[in-house]
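Got the viewer open? Here is a short tour, stop by stop, with something to select at each one.

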Amino acid sequence: MPKLRISIVKYLNTTPLVWGFTNGPLKGKYDLSFTVPSQCAEALRTNAADIAIIPAIEYQRIDDLVILPDLAIASKTRVRSLLLVSKVPLEKARNIALDSSSRSTQALTKILCQQKWKIAPEFLEMPPDLPAMLQRADAALLIGDSALRLKLATESGTRRGEAGEQICSAASANLAAASTPATQASAASQSAQLSQAGQSSQSAQTSQTTLDPDTTLHIYDVVEQWRRLTTLPAVLAVWAARRKVATPEVIDDFQSSRAYGLRRLTEISTQAAADLNLPANKLQRYLTENINYSLDEENLRGLTAFFQAAAEQALIPQAKPIEIATPKSDRQRDTAAYAKSR
């Protein structure tokens, strides 16, 4: 039989979830492909993938999906890899450039704009080139490894604003660090994808744009702002599959792959440090302290609140109930309980 096809986000924070598939005992069992979050969702929507790690908001936009149990990419308080970078305090922003690889964080940004900052800015979708984005807009949403790189570059030499944001100059933020060759390649690839899809790209020139080094920047952690608004964590991505695909064996494999990866965070961080040219200890701290890989009760409350807020702003048609695939142990427990009741 053909292998099940898995679409995977190619960011560091996804790596522990798939380490068992890429480097462990489950290697070779599934057909793996790697891309950005928005394209993972598209692969599942078009049946180009059987299972995908999708932006949480896309669960509401794709029919006939179930979520694999107790698996997520979430953050309890502060994530450090989802950033709103603004040239003005965000409550004064007139327009915001949105990273075109994002879906859930785009929705979170729109919710925060309306509910927290009480603004209705114009939104522009652009490839993830921060200097180019800030040339076109007052603020920019940046996600993934390039956002984490920027965050690590601004951990010192900044001050905190009233909203909890970091304030620094463009020079001290080292925006060039957020636009590495890999980031530029990603931006060019996404620009091409947008063009093929008939969508306009707002950034025709991703590597030549500069920003005045004296520009003051306000850097907001999106999850921290969501937590301040709701007192809840943010669930950013989930493993989703068609109902018929989410068998007990598949569920066991995905949970085993996560367990395998979480036991090897030092190894993962060391390899990522070489790939990203960032300190391994800081990457391991990020994976340990900022990312949560469960779908526990608190995370489910945060996910439910996110869906409700998205529905209120018409970002999704309605907040349909969250359906979790049933693992083997639960089915066995239900069968035993039914037999006992008879």
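pLDDT is the predictor's confidence in each residue, on a scale from 0 to 100. You need that here, since what you are looking at is a predicted model.

**Stop 1: colour by confidence.** Select residues 331-342: pLDDT stays under 50 there, and the model gives this stretch three contacts beyond four places in sequence. Now zoom out to the whole protein, where the mean pLDDT is 88 and 85% of residues reach 70 or more. Next, pick residues 180-207, another stretch with pLDDT below 50; beyond near neighbours in sequence, it has 40 contacts in the model.

**Stop 2: the sheet.** Show the strands and look for an open sheet of seven, with mixed pairing. Reading across, the order is β7-β6-β8-β5-β11-β10-β9. At the edges sit β7 (122-126) and β9 (159-160), each pairing on one side only. Then move in to β6 (residues 95-99), which runs parallel to β8 and pairs with it over three bridges. Put L98 and L141 in sticks: L98 stands opposite L141, which is in β8. Now bring in helix α9, which packs on the sheet and touches β5 (82-86), β8, β9 and β11 (216-221). The direction of α9 makes about 65° with that of β11.

**Stop 3: L142.** Stay on strand β8 and select L142. Is L142 buried or exposed? Buried: its relative accessible area is 0%. Add L84 to the selection and draw a distance between the C-alpha atoms: it comes to 6.4 Å, although L142 and L84 are 58 residues apart in sequence.

**Stop 4: helix α2.** Select residues 37-45. Which residues of α2 are buried? They are P37, S38, C40, A41, A43 and L44. To see what lies over them, show β1 (5-9), β2 (31-35), β3 (51-55), β4 (65-75), β8 (139-143) and β12 (234-242), which are among the elements covering these buried residues. Just past α2 comes N47, with a positive phi near 65°.

**Stop 5: two more positive phi values.** Most residues other than glycine have a negative phi. With that in mind, go to D64, where phi is near 60°. D64 sits in the loop between β3 and β4. With a relative accessible area of 42%, D64 is partly exposed. Now jump to T231, in the loop between α9 (222-230) and β12. T231 is not a glycine either, yet its phi is positive, at about 65°. As for accessibility, T231 counts as exposed, because its value of 54% is over the 50% cut-off.

**Stop 6: a helix pair.** Finish with α1 (residues 15-22) and α10 (residues 248-262). At what angle do α1 and α10 pack? About 105°, with their axes 6 Å apart, so the two helices are roughly perpendicular to each other. To light up the contact, select P16, L17, V18, W19, G20 and F21 in α1, together with D253, F254, S257, R258, Y260, G261 and L262 in α10. Colour that selection by residue type and you should find eight nonpolar, three polar and two charged residues.

Terms used
Residues are numbered from 1 along each chain as its sequence is written. This is a predicted model: local features need pLDDT of at least 70, side-chain atom pairs count only at pLDDT 80 or more; totals for chains, interfaces and linings use all residues. Side-chain values use heavy atoms; hydrogens and water are left out. Axes are lines fitted to C-alpha atoms, for helices over the stretch in contact, and angles run from 0 to 180 degrees between N-to-C directions. Helices (H or I, at least four residues) and strands (E, at least two) are DSSP runs, numbered from the N terminus. Angles under 35 degrees count as roughly parallel, over 145 as roughly antiparallel, 65 to 115 as roughly perpendicular and the rest as oblique. Contact means heavy atoms within 4.5 Å. Ala, Val, Leu, Ile, Met, Phe, Trp, Tyr, Cys and Pro count as nonpolar, Asp, Glu, Lys and Arg as charged, and the others, Gly among them, as polar. Buried means under 20% relative accessible area, exposed over 50%, partly exposed in between (1.4 Å probe, protein chains only). Two strands pair if DSSP finds at least two bridges between them.
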